[in-house]
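Please look over the sequence and the fold shown below before reading on. The report after them is written for someone meeting this structure for the first time.

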Amino acid sequence: MEIPRKIEKKLGKRLKGAEITEWKIVKESIDARDKKNIKWIYTIDFETEPKIQLSLPEGGEQPYRFPKSGDAVSKERPVICGFGPAGMFCALLLAEAGYCPLVLERGKKAEERAADVERFWQDGVLDPESNVQFGEGGAGTFSDGKLVTGIKDPRTRKVLHELVSAGAGADILYKHKPHIGTDVLRDVVQEIRKKIIRFGGEVLFSTKLSGIEAERGQLEAVTVLQNGTARRLKTKVLVLATGHSARDTMRMLYTRGLFMEQKPFSIGVRIEHPQRIIDLAQYGMPHEDAGLPPAEYKLSYRSRNGRGVYTFCMCPGGEVIAASSENGMTATNGMSYHARDGAYANSALLVDVRTEDFGGIDPLTGIEFQEKYERLAFENSTAVNRPPCVMWGEFCGSAVQRSIPEFASSAIEEAMPYLARKLKDFDMPQARIFAVESRSSSPVRILRDAMYESNIKGLYPAGEGAGYAGGIMSAAADGIRIAEILISKYKKIES
Ligand SMILES: Cc1cc2nc3c(=O)[nH]c(=O)nc-3n(C[C@H](O)[C@H](O)[C@H](O)COP(=O)(O)OP(=O)(O)OC[C@H]3O[C@@H](n4cnc5c(N)ncnc54)[C@H](O)[C@@H]3O)c2cc1C
């Protein structure tokens, strides 16, 4: 009841004695700039009895409006390749609008996938088709489930509402930095799959896109490997949402004539501190004592060699994980559970990679660049499921330093004291550093026109792997945008 009292205090006479009957939090954030006076900041929607006219901006959210169906006729269902955020939300929208999409996913259902990932983490047995990158929910399933995004796209509200109706907490609708956690996400993605199926869609797991057929520039069919057996599926529409780790698929598509270009990305390490150190730096005390969530940070620095050094995908109370998807290569990343109650905080510490660094002009040389450092990290590690790790105080000359490009390690070494001026003890010698953080985004982009179609008509590249998103929310919004284009172009298939 403290919030209605605060509204009354703030508005005073402007309330004209009306009673606050209902209220809801629209946004919640923390202002910790002044450590002696840390504030919660709220935006509140409220109703009064009787109704009063306040000269405040109109609030309230419009429900998502589906576009009008188009006139083009297609006899086959739209096919979506990849069941990460981009493919999943594209499929959900198409299913809700009555287009009965067929989803192909090379990995397994969330539960079976979780067992495969656990086997890799415990015993080092990697399944190249079912791992941290591949399977139901895509790369985001084993993540912190941060839902922050730099894009200002109203479709992200649709994404948040769908996540809530699939089981995520309603607080993601108003938190300034919403997050779900890997434990909750694993259930949420299964619920979304069930909804797609209820609306007439179909999801085929362990089914990998292995080829495409086009005639006179128009897509006519795809070939798939389903549990090892080859199948041909006729379709004139394929949404390609394969994520940034499907290197074999990108290579296959390039040989089939799909236009692609190089794309800059970033490479670096993962850094881990005790969460208490981050709390002290941000709140001046442990977060439990402050009554606040585990503290976060976001830091950046421009090095003398012109490279940007920045922290990315910070996981408070989280874990550093092995996130490889290919044998003989090691990649690292971070994830956390909904409670974020682990004793450590981790974050990627990245340096920008330019296309000139790739060492060639072929569109796929960025992939080769990533693979080179992932192979080095594999060779420099003590076990296939243990990314090379060292304390910051011993970084120089270490296996971790040898697993990243020289320009990246020198930029990080230069940046650390500066970053520690912004966040106390960031450069503590006991901070743990892991290599290699190489999959922050895609090093290649598939070209698409203003209507999101590639040079092969009927093939629509989507999401992070195609180079049009960075993170769960922007990938999901991109998938929705493509579904809207398909709906406004095609009629529903008559059953
Ligand atoms: C460990 C980790 C933590 C992360 N944490 C966050 C976070 O907290 N917040 C955030 O916003 N982002 C996070 N990310 C990034 C986020 O997961 C991605 O940005 C997002 O998942 C991209 O969505 P997508 O749909 O484009 O691709 P993906 O999620 O990569 O999905 C692509 C899917 O396509 C499938 N596929 C690939 N090739 C084929 C084929 N040939 N046939 C059939 N299926 C195929 C794959 O199996 C995969 O399931 C994290 C990533 C990782 C790995």
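What follows is a description of selected helices, cores, single residues and backbone features.

This is a predicted model, in which local features need pLDDT of at least 70 and side-chain atom pairs count only at pLDDT 80 or more, while totals for chains, interfaces and linings use all residues. Residues are numbered from 1 along each chain as its sequence is written, and side-chain values use heavy atoms, with hydrogens and water left out.

## Helices

Helices (H or I, at least four residues) and strands (E, at least two) are DSSP runs, numbered from the N terminus. Helix H9 covers residues 365-379, and at 1.5 Å a residue its 15 residues should span 21 Å, which agrees with the 21 Å between its end C-alpha atoms; the expected span is 1.5 Å times one less than the number of residues. Buried residues of H9 include Thr365, Phe369, Tyr373 and Ala377, where buried means under 20% relative accessible area, exposed over 50%, and partly exposed in between (1.4 Å probe, protein chains only).

The axes of helix H4 (residues 155-165) and helix H11 (residues 472-489) come within 9 Å and cross at roughly 110 degrees. Axes here are lines fitted to C-alpha atoms, for helices over the stretch in contact, and angles run from 0 to 180 degrees between N-to-C directions. H4 and H11 are therefore roughly perpendicular to each other, a label given to angles of 65 to 115 degrees. On the H4 side the contact (heavy atoms within 4.5 Å) is made by Arg155, Thr156, Lys158, Val159 and Leu160, and on the H11 side by Met473, Ala476, Ala477, Ile480, Arg481 and Glu484.

Arg481, found in helix H11, is buried, with a relative accessible area of 19%. Leaving aside neighbours within four places in sequence, Arg481 is in contact with Asp153, Arg155, Arg448 and Tyr452.

## Nonpolar cores

A nonpolar core is a set of buried Ala, Val, Leu, Ile, Met, Phe, Trp, Tyr and Cys residues joined through side-chain atoms within 4.5 Å. The largest one holds 48 residues, of which Phe89, Leu163 and Ile192 touch the most other members. Two or more residues are given to this core by each of helix H2 (85-96), H4, helix H5 (182-198) and H11. Beyond neighbours within four places in sequence, Ile192 is in contact with Met88, Phe89, Leu92, Leu163 and Ala166. Apart from this core lies another, of 43 residues, among them Ile277, Val351, Phe395 and Ala411.

## Backbone features

Most residues other than glycine have a negative phi, and most peptide bonds are trans. The table lists four places that depart from this pattern.

| Place | Feature | Value |
|---|---|---|
| Glu49 to Pro50 | cis peptide bond | omega near -5 degrees |
| Ala435 to Val436 | cis peptide bond | omega near -5 degrees |
| Cys100 | positive phi | near 45 degrees |
| Tyr452 | positive phi | near 65 degrees |

Pro50 has its place in the loop between strand S2 (39-49) and strand S3 (79-81), whereas Val436 lies in strand S18 (residues 432-437). Cys100 is found in the loop between H2 and strand S4 (102-104) and is partly exposed, with a relative accessible area of 28%. Tyr452 lies in the loop between strand S19 (444-446) and strand S20 (459-461) and, at 18% relative accessibility, counts as buried.

Conventions
Parallel < 35°, antiparallel > 145°, perpendicular 65-115°, else oblique.
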